[in-house]
Amino acid sequence: MEPSINTEANAAYGFRWAGLFDETLTVEGAEGWPTVSVRQTLASDQESPEIEGVGADSASIETLAARLRLDRLSSSLEIRARNRLPITDVIHPTLWPAATVFARWHEHETVHAGAVSFDGRRAWAILGDRGDGKSSLLAALALHGAEVLADDLLVVAGQRCFAGPRCIDLRQEAAVALRIPADAPLVRSTERRRLRLGPSAAEYALCGFVHLRWGAEVRLER
């Protein structure tokens with residue numbers, strides 16, 4: 001008997017991604033989110049390069065792993081690459097650029113940030129420049145029982161924000177410092193150690209922003 005597929009495990013960033021099924025895309029209460037159809041196609045070496053751009057109804061985005069073709073009217077995403085991408089690479093980092101465009105087409109805001117909740121209802125956005133430790137902080141909070149909503153991309157609609165994939169990808173040195181289990185999967189060409197996150201609700205009330213900055217001591221300024 002073939003193992004059953006959890007067809008509910010396809011939601012993140014405020015959308016349901018038809019065609020993608022993985023436990024890291026499981027959030028609770030996402031039944032009303034709009035659906036984007038996803039398919040992977042294989043590109044040939046003879047194909048001419050495409051012009052990148054985002055328009056009112058379509059977009060073409062070049063990532064390190066694939067070309068993303070988005071269509072607003074059909075609510076579809078084509079992931080085109082010379083080799084089929086593993087689901088781990090589709091979830092992150094391939095999915096978030098597409099989610100950013102679809103979110104803006106739906107008149108949502110997008111922020112390069114993570115988010116965490118300490119009470120299961122309200123969320124704090126975590127911002128910072130590259131290397132400031134957003135993912136490391138979110139992973140540390142998750143290991144201490146906090147609910148991490150998202151890492152890298154936060155989609156905001158009014159005063160609500162949406163949960164992202166249930167994982168955080170950490171650099172090797174951060175994984176060692178946080179004592180991430182050795183059996184945590186290596187992803188993104190073995191450059192990151194993936195920490196699986198616990199369950200999350202689909203939407204949270206956004207109550208504020210925390211901007212990380214390196215300093216001589218640890219403190220919190222209002």
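This short presentation describes the overall form of one protein chain and then three of its strands.

Good morning, colleagues. Please note at the outset that the model is predicted.

I begin with the chain as a whole. Its secondary structure consists of 17 strands and three helices. Along the principal axes, the C-alpha atoms occupy a box of roughly 55 × 45 × 40 Å. The radius of gyration is 18 Å; for 222 residues, a compact globule would have a value near 17 Å, so the two agree.

Next, burial and contacts. Of the 222 residues, 45% are classed as buried. If we take the contacts between residues at least 6 apart in sequence, 60% of them link residues at least 24 apart.

I turn now to the surface and the charges. The accessible surface amounts to about 12500 Å², and carbon and sulfur atoms account for 52% of that area. The chain carries 30 negative and 25 positive side chains, and the centres of these two sets are 3 Å apart.

Finally, let me consider strands S4, S5 and S6. Strand S4 covers residues 53-54 and strand S5 residues 58-62; the two run antiparallel and are joined by two bridges. Within this pairing, Val54 lies opposite Ala59 of S5. The connection from S4 to S5 is a hairpin of three residues.

Strand S5 also pairs with S6, residues 67-71, again in an antiparallel arrangement, here through five bridges. Glu62 has Arg67 in S6 as its bridge partner. A hairpin of four residues leads from S5 to S6. Strand S5 is thus bridged to S4 and to S6.

Thank you for your attention.

Definitions and conventions. Residues numbered from 1 in each chain as written. Predicted model: local features only at pLDDT ≥ 70, side-chain atom pairs only at ≥ 80, totals over all residues. Heavy atoms only, no water. Rg over C-alpha atoms; globule rule 2.2 N^0.38 Å. Buried < 20%, exposed > 50% of the residue type's maximum accessible area, 1.4 Å probe, protein only. Contact = heavy atoms within 4.5 Å. Areas by Shrake-Rupley, 256 points an atom, 1.4 Å probe, with all protein chains shown as cover. Lys, Arg positive; Asp, Glu negative; His and termini not counted. Charge placed at Lys NZ, Arg CZ, Asp CG, Glu CD. Pairing = 2+ DSSP bridges.
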